[in-house]
Amino acid sequence: MVAFNKYYNHFNLLSSVLILVSLLLLIFKGLNFGIDFKGGTLIELRASDSKINVSSLRDRFNQMDLGDVSVKKFGNDTDFLVKFENKDNKKNIIEEIKANLDKSFGNNYDFRRVENVGPKVSAELLKSGVIAISLSLALMLIYIWIRFEWQFSLGAILALFHDVIVTLGVFSLFSLEINLSIIAAVLTIVGYSMNDTVVIFDRVRENLRKYSDIKIFELTNISINETLSRTIITSATTLLALLAIYFFGGEILKGFSLAMILGVVFGTYSSIYIANTVLVRLRVSQKTVLREDDTK
Amino acid sequence: MLYFSKLRILFITLFSVLFIIIASSNLFKFDDNFFDKKINLGLDLQGGSYLLLEIDNEPVIEQKLQNLTTTIRNYFKEKKIKINNIKIENQNIFFNVIENDKQSVLEVFQDENSDLNPYYPRFKSHQLEIEDTGLNFKVNFSRQGLIKLKNSSQDQAIEIVRRRVDEVGTNEPNILKRGNNRILVELPGLDDPMRIKSLLGKTANLTFRFVTNDENDRFGVEKLKFENGLEEAVVSKRIIISGENLLDAQPKMDTQTNQTIVSFTLDRVGAKRFGKATSTGIGKQLAIVLDGKIISAPVVRDTIASGSGQISGGFTFQSATDLALLLRSGALPAPLEIIEERTVGPDLGQDSINAGMIALAIGFMLVIIFMFVKYKIFGLITNVTLIVNLFILLGVLTLFEATLTLPGIAGIILTVGMAVDANVLIFERIKEELKDETNNILAFDGGYTKSRTAILDANITTLLAAIILFFMGSGPVKGFAVTLGVGIFTTLFSVYFIARLFTSIYVSRNKDKEKLI
């Protein structure tokens, strides 16, 4: 048996620090919102001429008075991602840019993807993203509240918040872009993290009913160990699938799969070291679950 | 938990085979309608353009209020009530009446069966709201009035948008209402939406009006710029004919001048009016005005009674074709603005499909190898289940002709990774049971029974997340929610029916073997 409970305090401290740092990052550094949430224009461009590179593209675009322009390589040497604010929301901006690029580069490039999100739409997308995440957290809260005693619910929800906040914290730290698919990833993380916690909790509750003489500190450890191989195998297969998406699924899915990978790692960790320690700190005992059984 | 009746086995087999056939119909061509279903590829996979248009209803509201001032004046004139100082400010109509008439004006507006202020019997709310500010009356659209107005301009606009898109002839466009002032246009396979964008960006309000020098024209005058932006002309506000009078418009080559022109045919009313105007207006300039700009202002030389004519204005063949198209499809009730655009080129779409498929294959292989190494024979059972699960998932998506997007493919891969969870929960539980249970059958039975709540909990939580994503997400993200959500059901089916069937067959044949799992 692995003595997970030996490190409850250490990891609680670590998690507290992680959450604090993440919150500070989110407040002071903020998130790097993509055009979905900030508005603006994105062009994915493929070049067939080596003259076209990040600096020559940046020169061209900077001359066009488009506001903040960012030019980055996208995946390989011939693909570039150009983003700009399009502040005045000019109508025929894409045509203007094409005409301008034609002058310098002739026909040696191709727009593979163009996205243009107006300020109104981006504000709405951001709002509905925030609502979606809040709603899913609320639904999970209700679900777990129906299924378990309140001590368990608190543990699961804390673990959930931990996963979402720390994942967003990592995105803030490395200035990774937040777009629509990241919202999808965060929601899936919410589901996954809950799933992982619930499996262990299910066992804790079962064991609470079975053994009256084992203290919760020991009992959580037994339950974690009993479900450990499942935790490891499921995390492993999910991570294998996600790594396949990350490395082979193309540039567009990179951010999504990265967020999911982080979420699965944090989710697995938090089920063990946050959800369970809440039970220990709240001194959950056999009485907690039996009282509930009586009232049912 | 391990017993299966013959009927049940038959049902499971038939069900699985059916979905495998449906799933494979994506690869083959079936003559039969039922099997000739395909998974739709999202715009991000097949390439195409997604445009979200917003209707600018301000001009419509202004226009309606403008009309209302006349209606109100005439309505009360019949009732011998004089309306004074009527004016429009900030989308409100203001007017005065003498003190004695105030009550009767209010009564007209607030009467439940008022013919000036309708809607009450149907919506329990009037079209217009009236307020006595003390100084004057303030009239504006009620909430219900605005909703009706927006809905009707959206209805008209979507019709015109559909006609214009159809005229350009893209394959299977998808045109939908969004809210009450937006229109979503999806154009699969279109990698350069420039032409459609410029066509949809034009209101195409066409009028024929005389150029005048008479500042005191009975109908009022306005100064308009020519299309080239250089010259100007003073044009009467009196409309001779408008776009509504057009029956047809076609681009043509004028053989005499070698110019591209747009020829048009008028309806009966239009032809009559055009004939009358051209007969009285010989020698005058007739301005052809499109969206507030003069295309050209030819001098009338002859009476045109045939009801057909032509517009010249230095067109290229393309611009003449587009103008003819706009005129044929009619004017939009209000200007449209493109507030969101997402265009994916077909080669990027294909690259995304390839990358998605490679990721799926590799992810699948990794999971299968992992499971086999970990659980041997039961890993094999899980893997067979996983493959059948994938087919059923694709089958369900095909049956509902769901739209597969790149995040949708990611959802399928994720399902593969998470689908083993249920089997793992069961097998691990069985292992535990076997520690103090020597009877294999009882241990397996216990494993299935005792793991059930955990499996249900786990899947319901993921399903909740998927449902929220489905309702809140847009476009590609919705595709992810669909595959993730459907994946949960197919996973549960394959775990509890297919995998359990295989397991029960294996266990009953080896019930006396030790260390079965």
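A residue is called buried if 20 or more other C-beta atoms lie within 10 Å of its own, exposed if 12 or fewer do, and partly exposed in between, with C-beta atoms placed from the backbone. Take Asp88(A) as a first try: this residue is exposed, because 10 other C-beta atoms lie within 10 Å.

Before going on, a word about what you are looking at. This is a predicted model, in which local features need pLDDT of at least 70 and side-chain atom pairs count only at pLDDT 80 or more, while totals for chains, interfaces and linings use all residues. Residues are numbered from 1 along each chain as its sequence is written, and chains are lettered from A and ligands numbered from 1 in the order in which they are written.

Let us start with chain A. Its domain assignment, with bounds that come from an automatic or database assignment, gives domain 1 (4–34 + 121–295) and domain 2 (40–117). The C-alpha centres of these two domains lie 40 Å apart. Asp88(A) sits in the loop between strand 4 (76–84) and helix 4 (93–105) of chain A; here helices (H or I, at least four residues) and strands (E, at least two) are DSSP runs, numbered from the N terminus. From Asp88(A) to Val265(A) there are 177 residues in sequence and 42 Å in space, C-alpha to C-alpha.

Now for the sheet that brings both chains together. Strands of a sheet pair through backbone hydrogen bonds, either parallel or antiparallel. In this model, two strands pair if DSSP finds at least two bridges between them. An open sheet of eight strands runs in the order 3(A)-4(A)-2(A)-5(A)-18(B)-2(B)-8(B)-7(B), with antiparallel pairing. At its edges are strand 3 (69–74) of chain A and strand 7 (174–178) of chain B, each of which pairs on one side only. From one strand to the next, the twist averages 20°, where axes are lines fitted to C-alpha atoms, for helices over the stretch in contact, and angles run from 0 to 180 degrees between N-to-C directions.

Where do the two chains join in this sheet? Strand 5 (residues 109–117) of chain A and strand 18 (residues 336–344) of chain B run antiparallel and are joined by five bridges. Along this join, Val117(A) stands opposite Glu340(B), and Glu115(A) stands opposite Arg342(B). Helix 10 (residues 346–375) of chain B packs on the sheet, touching strand 2 (40–47) and strand 5 of chain A together with strand 18 of chain B, and its direction makes about 85° with that of strand 5 of chain A. Strand 5 is also joined to strand 2 of chain A, antiparallel, by eight bridges; Arg46(A), for example, has Asp110(A) as its bridge partner in strand 5. Eight of the nine residues of strand 5 of chain A are buried, so this strand is largely enclosed by the rest of the structure.

Stepping back to the whole contact between the chains, we find 54 residues from chain B and 56 residues from chain A, counting two residues as in contact if their C-beta atoms, placed from the backbone, lie within 7 Å. On the side of chain B that touches chain A, strand 18, helix 10, helix 12 (406–436), helix 14 (452–472) and helix 15 (475–509) each supply at least two residues. The residues of that side divide into 33 nonpolar, eleven polar and ten charged. In this count, Ala, Val, Leu, Ile, Met, Phe, Trp, Tyr, Cys and Pro are nonpolar, Asp, Glu, Lys and Arg are charged, and the others, Gly among them, are polar.

Chain B itself has 15 helices and 19 strands. Its radius of gyration, taken over C-alpha atoms, is 35 Å, well over the 24 Å that the globule rule (2.2 Å times the number of residues to the power 0.38) gives for 517 residues, so chain B is more spread out than a compact globule. Along its principal axes, the C-alpha trace of chain B spans about 110 × 70 × 40 Å. Of its 517 residues, 41% count as buried.

Finally, visit a loop of chain B. Asn258(B), between strand 13 (246–254) and strand 14 (259–266), has a positive phi of about 60° although it is not a glycine.
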